[in-house]
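These are my notebook entries on one structure. I set down what I looked up, entry by entry.

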Amino acid sequence: MKVAVLTLFPEMLQALTGHGITRRAVEAGLLSVTAVNPRDYTTDRHRTVDDRPFGGGPGMLMKVEPLLVALKAAREQLPGPAKVIYLTPQGRRLDQQAVERLASEPAMILIAGRYEGIDERVVETEVDEQWSIGDYVLSGGELPAMVLIDAMARRLPGVLGHQDSAEQDSFSGELTNLLDCPHYTRPEEIAGQRVPDVLLSGHHEAIRRWRLKQALGRTWQRRPDLLEARQLSPGLSSEEQD
Ligand code: SAM
């Protein structure tokens with residue numbers, strides 16, 4: 001997957017490309033993330049990318065022209081047509097289902113806004129989808145863009161090894177509309193807190209059932225809204241209810 005991010009702060013993307021699983025994905029050629037800076041496409045002496053909003057009000061807006069030229073440059077870098085996504089608190093709230101759909105796109109352009117956002121005419125003519133990472137306002141779209149890229153990278157074939165398979169994450173695979181169960185590692189006991197016996201039993205089917213029950217219980221306690229969207233089977237067998 002090839003992603004171009006329109007940003008006034010290209011160096012921020014190094015937090016993604018320089019560390020962990022996303023860095024591995026880039027090094028393996030499974031993901032490419034390039035920054036296109038609208039400031040590099042300005043023509044005036046001051047390299048102006050922002051201006052005051054018509055009608056008055058606080059703050060500045062990102063101007064149309066540098067964004068359009070930067071978009072053209074981004075399109076030229078990418079193979080074939082690319083979806084254009086604007087990260088904005090006014091977009092639909094991002095969830096795992098949207099991430100999985102977007103992860104199947106071969107190429108994508110993400111617009112990271114700054115100031116009070118971007119001129120609405122860019123949204124109207126150039127943007128295919130608008131996504132928010134939650135109901136709060138950040139200073140810029142770089143962190144939301146990185147959140148989206150990181151979440152998509154986990155879904156790209158070959159990025160995660162078997163050990164950290166995305167299918168076992170909350171919201172994914174068997175855990176669609178469920179939160180993950182609790183996990184433990186060594187030591188078996190610390191300060192009087194023991195790992196649940198079932199996890200030490202070696203009994204794979206009992207462990208699977210325990211994990212599913214924990215996931216269901218956790219989801220019911222913390223995010224009952226998710227359970228409404230999940231198709232529950234008619235009932236657990238008496239054995240599973242134990
Ligand atoms: N005036 C805008 C509004 O109220 O909708 C907020 C602008 S915000 C200060 C600047 C930029 O940060 C936005 O253009 C957007 O790209 C990004 N941003 C802020 N919060 C976001 C969120 N929750 N999700 C996605 N992007 C966000």
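Which residues is G59 in contact with, once its neighbours within four places in sequence are left aside? I looked this up at the outset, bearing in mind that the model is predicted. I found that G59 is in contact with Y115 and E116.

**Entry: surroundings of G59.** I placed G59 in the loop between β3 (50-51) and β4. I then asked whether G59 counts as buried or exposed. The residue has 10 C-beta neighbours inside 10 Å, so I recorded G59 as exposed; the cut-off for that class is 12 or fewer. I also looked up the separation between G59 and E174, which are 115 residues apart along the chain. Their C-alpha atoms are separated by 46 Å.

**Entry: domains.** I noted that the protein chain is divided into domain 1 (2-153) and domain 2 (165-241). For their C-alpha centres I recorded a distance of 36 Å.

**Entry: nonpolar core.** I looked up the largest nonpolar core and found that it has 44 residues. Those with the most contacts inside this core are V5, L6, I109 and L110. Several elements give two or more residues to the core, including β1 (2-6), β2 (32-36), α3 (64-77), β5 (83-93) and β6 (107-112). The largest share, seven residues, comes from α6, which spans 142-153. I followed I109 further and listed its contacts, not counting residues up to four places away in sequence. I109 touches A4, L6, L71, A74, A82 and V84.

**Entry: strand β1.** Why do I describe β1 as largely enclosed by the rest of the structure? Four of its five residues are buried, and therefore the description holds. I next examined the pairing of β1. With β2, I found that β1 pairs in the parallel sense over five bridges. With β6, β1 likewise pairs in the parallel sense over five bridges. V3 served as my reference point on both sides: V3 stands opposite V33 in β2 and opposite M108 in β6.

**Entry: ligand shell.** Which residues come nearest to the ligand? Of the 19 residues around the ligand, I recorded P89, G113, G117, G141 and P144 as the nearest. The element that gives the most to the shell is β5, with four residues. By class, I noted eight nonpolar, nine polar and two charged residues in the shell.

**Entry: backbone geometry.** I kept in mind that most residues other than glycine have a negative phi, and most peptide bonds are trans. Against that background I recorded the following exceptions.

- The peptide bond from R186 to P187 is cis, and its omega is near 5°. I located P187 in the loop between α6 and β8 (189-190).
- F171 is not a glycine, yet I read a positive phi of about 70° for this residue. F171 has its place in the loop between α6 and β8. Because F171 has 19 C-beta neighbours inside 10 Å, I entered F171 as partly exposed.
- N177 has a phi near 60°, which is a positive value in a residue other than glycine. I found N177 in the loop between α6 and β8. N177 has 20 C-beta neighbours inside 10 Å, so I entered N177 as buried; the cut-off for buried is 20 or more.

Technical notes. Residues are numbered from 1 along each chain as its sequence is written. This is a predicted model: local features need pLDDT of at least 70, side-chain atom pairs count only at pLDDT 80 or more; totals for chains, interfaces and linings use all residues. A nonpolar core is a set of buried Ala, Val, Leu, Ile, Met, Phe, Trp, Tyr and Cys residues joined through C-beta atoms within 7 Å. Two residues are in contact if their C-beta atoms, placed from the backbone, lie within 7 Å. A residue is near a molecule or strand if its C-beta atom, placed from the backbone, lies within 6 Å of it. Ala, Val, Leu, Ile, Met, Phe, Trp, Tyr, Cys and Pro count as nonpolar, Asp, Glu, Lys and Arg as charged, and the others, Gly among them, as polar. Domain bounds come from an automatic or database domain assignment. Two strands pair if DSSP finds at least two bridges between them.
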